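Me: I have a model open and would like to go through it with you. Could we begin with the overall shape and then turn to a helix pair?

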Amino acid sequence: MGKKKKLFVVSDIHGYCTLLKNELDKVGFDRNNEDHLLICCGDYFDRGPENLQVLKFIELVKNKVILRGNHEDMLLEIFDTGRIKDHNYINGTVETLVEFFGKYAIDTTLNEIDFSGKSRILDRVSDFIYETADFFETKNYVFTHGWLPTVINEGKPCIDKNWRNASREKWLKARWTKWTDMYENCDRLADKTIVCGHVPSFYASKFDKSRDKYNSDVFYGKGIYVVDAGTFTSANINVLALEDELL
């Protein structure tokens, strides 16, 4: 039997470092305690004002699991191509780029970014993102960003039986998949609870009529816990505290 650890789960931090640290303090997270494990379910940057602070803080936490969100995929695409797309403005990615690389690195007329002389921070952010995983699994939970890779069976989405070994492309799609689209249409795992983010928990009022539509607390659904608090609109970050055996 594996050793139990206290799990502190967050998602969709989106550049709100002060709020993150305050909420972790409230639930007693100690980054120097070997029995504490911080699990981050992706989307560390964009929309908030403290993206560099988020990076620095998470780097300092030794006992952590960092998972990839769709916003990390968007950053990597820009790093690879040097091109900025329209949705990068809408999603707050451009503000993050300005914070990391400076406003003069970005040409908003040509929608390009020049990384010349910025290799140190570029490597630092890239290394952080490349350390992220698609999912993390304990005895009773599977942690991920959006959803798990799916297949279509008789016109209905189903979790791929081979989801653990799914291709890069399937995991990329899964990070963009909304749990709200899957909750009533896709069977969950038979033996584990999915813990995810990507879409704020206040949308759970659609499925739980007793829940207020502005409630951004963790949603404890059937076979799924939703951690994303919609921080950029709710000014709230959820920290889901669990205890489980590591595999």
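Me: What radius of gyration does the protein have, and what would a compact globule have?
Reply: The protein has 18 Å over its C-alpha atoms, which agrees with the value near 18 Å for a compact globule of 247 residues. The globule rule is 2.2 Å times the number of residues to the power 0.38.

Me: Where do these coordinates come from?
Reply: This is a predicted model, in which local features need pLDDT of at least 70, side-chain atom pairs count only at pLDDT 80 or more, and totals for chains, interfaces and linings use all residues. Residues are numbered from 1 along each chain as its sequence is written, and side-chain values use heavy atoms, with hydrogens and water left out.

Me: How much of the protein is buried?
Reply: Buried residues (under 20% relative accessible area, 1.4 Å probe, protein chains only) make up 55% of the 247.

Me: Now the helix pair: at what angle do H3 and H5 pack?
Reply: H3 (residues 70-81) and H5 (residues 93-101) pack at about 60°, with axes 11 Å apart. The two are therefore oblique to each other, a class for angles that are not under 35 degrees, over 145 or from 65 to 115.

Me: Which residues meet there?
Reply: From H3, His71, Met74, Leu75, Ile78 and Phe79 are in contact with Thr93, Leu97 and Phe101 of H5, where contact means heavy atoms within 4.5 Å. By class, this contact has 6 nonpolar, 2 polar and no charged residues.

Note on methods
Axes fitted to C-alpha atoms, helices over the stretch in contact; angles between N-to-C directions. Helix = DSSP H or I, 4+ residues; strand = E, 2+ residues; numbered from the N terminus. Nonpolar A, V, L, I, M, F, W, Y, C, P; charged D, E, K, R; others polar. Buried < 20%, exposed > 50% of the residue type's maximum accessible area, 1.4 Å probe, protein only.
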